[in-house]
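Colleague: I would like to learn how to read sheets, burial and cavities in a model. Could we go through one together?

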Amino acid sequence: MAGIEAPQLPLSSENYCIVKVAVPVPLRRVFDYLLPENYPITPQPGMRVQIPFGRTTKIGIIDEVESLDHSDLDTQLEKLKPITQILDDSPLITESLISLYRWMGQYYHAPFGEIWQTLLPTALLKGKPAKLSRSSRWTITDIGRESLESGKLAKSAVKQKLILEQLIKNPTGIAHDKIKDFDIPYSSLKNLAGKKWVSRDYITDNDKNIASQVNLPSDIQLNDEQLSAIETVSQHLDRYTAFLLFGVTASGKTEVYLRLIQQVIEQQRQALVLVPEIGLTPQTLRRFEQRFNVSVVTLHSGMSEQQRLQSWLKAKNGEAKIIIGTRSALFAPLKNPGIIIIDEEHDLSFRQQQGFRYSARDVAMVRANLEKIPVLLGSASPSLESLSNVSKGKIKQIELTQKAQNTASLKYRVIDLKNQPMNQGLSADLIKSIKQHLQQKGQVLLFLNRRGYAPVLLCHQCGWSSSCQRCDTHYTYHHQNDYLQCHHCGSSRKAPHQCPQCQCDQMVPVGLGTERLTESIKHLFPDAKTARIDRDTTRRKSAMQDFVSSVKAGEIDILVGTQMLAKGHHFPDVTLVALIDMDGALYSADFRAPEYAAQLITQVSGRAGRADKPGEVLIQTHHAEHSMLHQIIHSGYGEFANSALNERVEAELPPHTFLAMFQAESPQMAHVKYFLADVKQILDRYSNLKVELLGPAPAVYVKKAGKFRYQLFLQTSSRNQLHQLLELTLGDIEKLKSASRVRWRVEIDPVGDS
Ligand code: ADP
Ligand code: ZN
Ligand code: ZN
């Protein structure tokens, strides 16, 4: 970036322009700068600026611009430094997003710089120009055509042949950023380019005929519930309304989204679709891309900075009609917004748990309101927050009660593990069922939410166990590659073969993880083809897709996996789903644990019996009498949610009440305690406000990566008073001496331990 010369202060001019800049530092304030005299660009909120900051320069975002006349000049003003440079000639984001930014500042009480870091693509934060790169396309050359026809291509070059055939089918070429949708591996393409059999050229905006989709119109006949859902939402396309599409798994929710998007596109508007984890469900993405003959862009963390910037810019200039992405795609600027859809709205990935913490579901409702468009939340197991909003009249509920393709019903069975002999974590009952389903050519899905081989490695002689010193938790033993890993801080080391305490060589793994479960399954069912799906086996980019394909092709009989498997995959031949260990979820300290467990059971069982094969769901637990299990099994998720909401009311917990949390961490426990005690003292000054303080108390995992973590909760039945309290006190809390010795944050509507 070429900075212009730092100019003199404009002390002689009549008007001063003060530019208030949000800077990426953890402070809840903006910083004042002067606009150099005669600067060629008029500063506006949402433009990036380069500014001197301390001894360095930083890139900040203009928050506000204030003009003062000469008489306001005081010594304060004289000290202000001028900005170095304005980096954009127009605001980067739309007015409604600027309003959203201001709302987030007020609601989440977060440092403004941190909010911007969430709002903008990384490339822009680093100062890269907000410019679309030219698009290019691939076409087949005459040499390529001849070579293919005269059979010059080696028999083994299957992929190259496929590419050439695709290019012949699309004579106007295939857009470069769409080659992956045609299953074209880039390496083979480059190979062909080297031989001059294919060529790449740049295209202009007028070149509209390039194939960017494999368009597959739908011939599905919608059922009455789907029709009525679409009818209801489409009556509200011109204004803000929030909808909850509460539809059982495979009830055709996605089909409803697609039809609504169709209408939005016909109105020349854009649809923003948020999904939990795009990398895990490439086929969902495909389904959207293949349906429409318009530009679909994605936004997720698996993309490079430049790719994300390009998608973002296409959303901004209106070229992209459908924007599909994970949580942060919510902030894509839209030229002609039409609808926001959040699929699997209950999913925890919609909550940002690092840096600036927000709920994409909540912010989406505010954004839709600002944009005056509907927002549609879909789930088979909606969050209690959304259901509570339904009962308050803030969200309209639409139901899909039937599976779209008439499928045989599900049979649930709870296996009470008390006093049962177990074989490597499997009850005799479960083993028998697996056998039966395999005999009847059904696929089996075993679900265990713990990766690795065993959660503990223990010395059989003296009882020594390996634990992470930085977290005070056990290392998980990973058998493959023989290492220990802490699943809290991620640190790992070689597994000891000798006990460090008594030097004996009897180290035994205790407990069950997916790796060990897979091993025992292979042992028990040597003829079945078994595969494991968890973070460890899906590090490769296409791994998940490959697993899904081989399950669908019937190449896998038993699938062992973590909750990665629970997310939206369609496995038509799975007839048995078993939850190996529901005890952890049922006995957890987190008041939300039963809700999460109920969502998990609903989602996981949705994987079974999709086609017209009867499905069975087995749940292993020592807590077979738990009321949640009975509600889910006999009355469904809705019934469970009703009684869970009543329990939250009685216990005065969210969503009935509202929570905020101060969390502080430091390698020195005393510093954390001092700070939170100081915070409490400041908050206590306003005891007239109806906010109850709980704590300070240790976090569930008090030590993580060498730091001690304590929390102070603020609970209230009045959101307003909570915000008032924070507004009155955060300034003083920031200035506390004890604050400088810890890392701390305030979190609104906190979720889980993080
Ligand atoms: P959900 O999003 O609720 O899980 P989907 O929209 O993925 O459900 O639908 C599940 C399956 O049923 C898909 O294969 C879809 O193509 C099909 N489907 C959806 N609606 C209908 C319908 N009205 N008739 C027949 N099949 C349908
Ligand atoms: Zn020992
Ligand atoms: Zn650790």
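Modeller: We will take the features one at a time, beginning with the sheets; note that this is a predicted model.

Colleague: Which order do the strands take in the open sheet of seven, and what is the sense of the pairing?

Modeller: A sheet is read by listing its strands as neighbours rather than by sequence. Here the order is 11-12-10-13-14-9-15, and the pairing is parallel.

Colleague: Which strands stand at the edges of that sheet?

Modeller: Strand 11 (296-299) and strand 15 (396-400) do. Each has a single partner strand, so one side of each has no neighbour in the sheet. From one strand to the next, the twist averages 20°.

Colleague: What packs on this sheet?

Modeller: Helix 8, residues 224-234, packs on it and touches strand 9 (242-247), strand 13, strand 14 (375-379) and strand 15. The direction of helix 8 makes about 160° with that of strand 15.

Colleague: How many bridges join strand 10 to strand 13?

Modeller: Five bridges link strand 10 (residues 270-274) with strand 13 (residues 337-343), and the two run parallel. Within this pair, Val273 has Ile341 of strand 13 as its bridge partner.

Colleague: What is the order in the open sheet of three strands?

Modeller: That sheet has the order 23-24-25 and antiparallel pairing. Strand 23 (476-478) and strand 25 (492-494) are the edge strands, each pairing on one side only. The twist in this sheet averages 25° from one strand to the next. Strand 24, residues 483-485, pairs with strand 25 over three bridges in the antiparallel sense. Gln485 has Ser492 in strand 25 as its bridge partner.

Colleague: Next, burial. Is strand 31 enclosed or open to the outside?

Modeller: The way to read this is residue by residue, with under 20% relative accessible area as the cut-off for buried. Nine of the nine residues of strand 31 (residues 658-666) are buried, so the strand is largely enclosed by the rest of the structure.

Colleague: Which residues point which way from strand 31?

Modeller: Phe658, Ala660, Phe662, Ala664 and Ser666 point one way, while Leu659, Met661, Gln663 and Glu665 point the other way. All of these are buried.

Colleague: Which strands does strand 31 pair with?

Modeller: Nine bridges join strand 31 to strand 33 (residues 707-716), in an antiparallel arrangement. In that pair, Ala664 stands opposite Tyr710 of strand 33. Strand 31 is also joined to strand 34 (residues 743-748) by six bridges, again antiparallel. There, Phe662 has Val746 of strand 34 as its bridge partner.

Colleague: How many residues of strand 29 are buried?

Modeller: Six of its six residues are buried, and strand 29 is mostly covered. Strand 29 pairs with strand 19 in the parallel sense over five bridges, and with strand 30 (residues 615-621) in the parallel sense over four bridges. Val577 of strand 29 is the bridge partner of Leu445, and Val577 also has Val617 in strand 30 as a bridge partner.

Colleague: Where is Asp581 placed?

Modeller: Asp581 lies in the loop between strand 29 (574-579) and helix 17 (583-586). Its relative accessible area is 32%, and Asp581 is partly exposed. Leaving aside neighbours within four places in sequence, Asp581 is in contact with Leu448, Arg450 and Gln620.

Colleague: How is Pro185 classed by relative accessibility?

Modeller: At 23%, Pro185 counts as partly exposed. Pro185 is in the loop between strand 7 (174-175) and helix 7 (186-194). With neighbours within four places in sequence left aside, Pro185 is in contact with Lys159 and Ile163.

Colleague: Last, cavities. How does one look for empty space?

Modeller: Rolling a probe the size of a water molecule over the atoms shows where empty space is left. In this structure, a search of the whole finds three cavities of 30 Å³ or more. The second largest cavity has a volume of about 40 Å³.

Colleague: Which residues line the second largest cavity?

Modeller: Its lining is made of Gln443, Val444, Leu445, Val551, Ile556, Asp557, Ile558, Leu559 and Val574. By class, that lining has seven nonpolar, one polar and one charged residues.

Colleague: Which strand gives the most to that lining?

Modeller: Strand 19 does, with three residues. Strand 19 (443-447) and strand 28 (558-561) each supply at least two residues of the lining.

Methods: Residues are numbered from 1 along each chain as its sequence is written. Chains are lettered from A and ligands numbered from 1 in the order in which they are written. This is a predicted model: local features need pLDDT of at least 70, side-chain atom pairs count only at pLDDT 80 or more; totals for chains, interfaces and linings use all residues. Side-chain values use heavy atoms; hydrogens and water are left out. On a 1 Å grid over the protein atoms alone, a cavity is a set of points where a 1.4 Å probe fits but cannot get out, and a pocket is an open set with protein on both sides within 12 Å along at least five of seven lines; lining residues have an atom within 4 Å of a point. Grid points are joined across faces, edges and corners, and a volume is the space filled by probe spheres set on the points. Ala, Val, Leu, Ile, Met, Phe, Trp, Tyr, Cys and Pro count as nonpolar, Asp, Glu, Lys and Arg as charged, and the others, Gly among them, as polar. Two strands pair if DSSP finds at least two bridges between them. Axes are lines fitted to C-alpha atoms, for helices over the stretch in contact, and angles run from 0 to 180 degrees between N-to-C directions. Contact means heavy atoms within 4.5 Å. Buried means under 20% relative accessible area, exposed over 50%, partly exposed in between (1.4 Å probe, protein chains only).
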